[in-house]
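Hi,

Here is the structure I promised to pass on to you. Have a look at it first, and then read my notes below.

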Amino acid sequence: MWPFSKKAKTSDVTLPDGLQLQIITLPEEQYRKKYQELSNRKVETDMEKLEQEFKKFRELLIGELGKVGQESPFMEGDYAVSGEFQETFFLCGAIYTNKMVCSRYLSAILNAVQQLARPDQWMYHTVCEVWMNEDEPRIGDAEFFIIDHKMYVSMDEQNYEELFAR
């Protein structure tokens with residue numbers, strides 16, 4: 001279990017494919033504040049171009065995640081990626097099976113976003129709903145988001161480094 005503390009913690013992780021990721025664990029209130037700040041950023045760009053980049057990100061991500069599992073918006077597959085454009089640098093999705101709780105899931109996000117014109121601006125938020133489909137879920141009711149090679153997680157009893165190491 002996660003060593004519970006009220007202080008933020010940062011861990012540098014190298015995924016098996018060599019990609020670098022920093023996991024930033026924040027107390028719940030700080031996590032929520034950071035999430036709101038980043039997911040609601042004002043965008044000073046052409047909305048049509050941003051929507052095209054959103055569609056490209058979604059398509060690339062589904063392609064990358066398709067190497068790991070099967071996509072389904074109705075919890076019948078391993079994961080889902082939203083198609084709702086938020087008029088900001090934001091995309092979200094969910095994981096539904098233990099199969100997706102792995103380093104390949106994180107690598108898929110990083111690989112997809114790196115192919116975009118502004119990779120450091122895009123945020124991908126994941127809701128973990130594995131507990132709904134698995135008798136022995138590897139991860140509890142959780143969420144996290146990734147932006148600019150940083151994975152933000154809320155302080156809970158889960159060790160995200162260990163969970164996504166496989």
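Before the hairpin, you need to know when two strands count as paired: DSSP has to find at least two bridges between them. The strands themselves (E, at least two residues) and the helices (H or I, at least four residues) are DSSP runs, numbered from the N terminus. Keep in mind that this is a predicted model, where local features need pLDDT of at least 70 and side-chain atom pairs count only at pLDDT 80 or more, while totals for chains, interfaces and linings use all residues. Residues are numbered from 1 along each chain as its sequence is written, and side-chain values use heavy atoms, with hydrogens and water left out.

Start with that hairpin. It is made by β1 and β2, with five residues between them, and G18 in the turn has a positive phi of about 95 degrees. The pairing of β1 (residues 9–14) with β2 is antiparallel and covers six bridges; V13, for instance, has L21 in β2 as its bridge partner. β2 also runs parallel to β7 (residues 150–154), joined by five bridges, and there T25 is matched with V153.

Is β2 enclosed or open to the outside? Largely enclosed by the rest of the structure, because five of the seven residues in this strand (residues 20–26) are buried. Buried here means under 20% relative accessible area, exposed means over 50%, and partly exposed is in between (1.4 Å probe, protein chains only).

Now zoom out to the sheet. Seven strands make up an open sheet with mixed pairing, in the order β1-β2-β7-β6-β5-β4-β3. At the edges sit β1 and β3 (79–81), each pairing on one side only. Ignoring direction, neighbouring strands are turned by 20 degrees against each other on average. Angles run from 0 to 180 degrees between N-to-C directions, and the axes are lines fitted to C-alpha atoms, for helices over the stretch in contact. Further along the sheet, β4 (residues 90–95) and β5 (residues 123–128) run parallel with six bridges, and I95 has C128 as its partner in β5.

Next, the helices. α1 (residues 28–39) packs on the sheet and touches β2, β4, β5, β6 and β7, where contact means heavy atoms within 4.5 Å. The direction of α1 makes about 45 degrees with that of β6. α2 lies across β3, β4 and β5, at about 165 degrees to β3. One residue to click on in α2 (residues 47–65) is E59, which counts as exposed because its relative accessibility is 63%. The C-alpha atoms of E59 and V81 are 9.3 Å apart, with their positions 22 residues apart along the chain.

How much of α3 is covered? Mostly: nine of its 11 residues are buried, among them Y105, L106 and I109. The cover includes β2, α2, β4, β5, β6 and β7.

Last stop: which residues line the largest cavity? They are L110, V113, Q114, P119, W122, I146, I147, D148 and H149. By class, six are nonpolar, two polar and one charged, and α3 (103–113) and β6 (142–147) each supply at least two of the lining residues.

Enjoy exploring!

Terms used:
On a 1 Å grid over the protein atoms alone, a cavity is a set of points where a 1.4 Å probe fits but cannot get out, and a pocket is an open set with protein on both sides within 12 Å along at least five of seven lines; lining residues have an atom within 4 Å of a point. Ala, Val, Leu, Ile, Met, Phe, Trp, Tyr, Cys and Pro count as nonpolar, Asp, Glu, Lys and Arg as charged, and the others, Gly among them, as polar.
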